[in-house]
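Open the structure in your viewer and show side chains as sticks. Each stop below gives you something to select, then tells you what is there.

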Amino acid sequence: QVQLVESGGGLVQAGGSLRLSCAASGGTFESYAAGWFRQAPGKEREFVAGVSRRGGNTYYPDSVKGRFTISRDNAKNTVYLQMNSLKPEDTAVYYCAAKAVGPLNRIVHVTGNDYNYWGQGTQVTVSS
């Protein structure tokens, strides 16, 4: 069973950048597909980025495509979310998630219900 801990959130001005990290422990991280989600007050949880177990495939919704980049370093058991050109509407709590997958799996999972494990979240606030 893997545990996930996010870090790197904070307050940034519009147009700025942040890099979130998600450190995994308690499992072989390469056995997990990973994703980032966010939830703003009063809104539903939203998928923002996903990566396959070995990092070969990624996927983004249109709302962040071209601004956010997900990557992973399985040797360090960490997945990252680089966020550039931040907008006030990006303000939310950002969550890292992981899903155990088989060795040949290259799928990027985009639905929250697909994921088995979640971090506690990190707040990102973008001021205008």
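**The ring cluster**

Start by selecting Phe 37, Phe 47, Tyr 59, Tyr 115 and Trp 118; ring pairs link these residues into a cluster. This is a predicted model. Six aromatic pairs occur in the structure.

Take two of these pairs in turn. For one of them, select Tyr 32 and Tyr 117. The ring centres are 5.9 Å apart and the planes stand at 75°, so the pair is edge-to-face. Colour by strand and the span shows up: Tyr 32 belongs to β4 (residues 32–39), while Tyr 117 belongs to β10 (residues 117–118). Along the chain they are 85 residues apart, so the pair links distant parts of it. Tyr 32 has a relative accessible area of 9% and is buried. Tyr 117, at 21%, is partly exposed.

Now move to Phe 37 and Trp 118. Their ring centres lie 5.0 Å apart with planes at 55°, so this pair is tilted. Again distant parts of the chain are linked: Phe 37 is in strand β4, Trp 118 is in strand β10, and 81 residues separate them. Phe 37 is buried at 2% relative accessibility. Trp 118 is partly exposed at 29%.

Keep Phe 37 selected and add Arg 45. Arg 45 lies over the face of the Phe 37 ring, 5.7 Å from the ring centre.

**Arg 72**

Next, select Arg 72 in strand β7 (residues 68–73). What sits under the charged end of Arg 72? The ring of Phe 29, with its centre 4.4 Å away.

Which side chain of opposite charge is nearest to Arg 72? Glu 30, at 7.5 Å. Arg 72 is buried yet has no salt bridge; the cut-off for one is 4 Å.

Look at backbone oxygens instead. The one of Phe 29 is 2.9 Å from a polar atom of the Arg 72 side chain. The backbone oxygen of Ser 52 also lies 2.9 Å from a polar atom of that side chain.

Now show the contacts of Arg 72, leaving aside neighbours within four places in sequence. Among them are Phe 29, Glu 30, Tyr 32, Ala 33 and Ala 34. Val 51, Ser 52, Arg 53, Arg 54 and Gly 55 are also included, as are Thr 78 and Val 79. Tyr 32 is the buried ring from the edge-to-face pair.

**Ser 21**

Select Ser 21, placed in strand β3 (residues 18–25). Is Ser 21 buried or exposed? Buried, with a relative accessible area of 18%.

Beyond residues up to four places away in sequence, Ser 21 touches Val 5, Glu 6, Ser 7, Trp 36, Thr 78, Val 79 and Tyr 80. Thr 78 and Val 79 also appear among the contacts of Arg 72.

Then draw a distance from Ser 21 to Ala 92. The C-alpha atoms are 15 Å apart, and the two residues are 71 apart in sequence.

**Thr 91**

Finish at Thr 91, in the loop between β8 (78–83) and β9 (92–100). Thr 91 is partly exposed, with 21% relative accessible area.

Which backbone oxygen does the side chain of Thr 91 reach? That of Pro 88, at 2.9 Å.

Set aside residues up to four places away in sequence, and Thr 91 touches Ala 40, Gln 123, Val 124, Thr 125 and Val 126. For a last distance, pick the C-alpha atoms of Thr 91 and Pro 41. They are separated by 9.2 Å, with their positions 50 residues apart along the chain.

Key
Residues numbered from 1 in each chain as written. Predicted model: local features only at pLDDT ≥ 70, side-chain atom pairs only at ≥ 80, totals over all residues. Heavy atoms only, no water. Phe/Tyr/Trp six-rings, centres within 6.5 Å; stacked < 30°, edge-to-face > 60°. Helix = DSSP H or I, 4+ residues; strand = E, 2+ residues; numbered from the N terminus. Buried < 20%, exposed > 50% of the residue type's maximum accessible area, 1.4 Å probe, protein only. Lys NZ or Arg CZ within 6 Å of the ring centre and 35° of its normal. Contact = heavy atoms within 4.5 Å. Lys, Arg positive; Asp, Glu negative; His and termini not counted. Polar contact = N/O pair within 3.5 Å; in protein donor to acceptor, adjacent residues only side chain to side chain.
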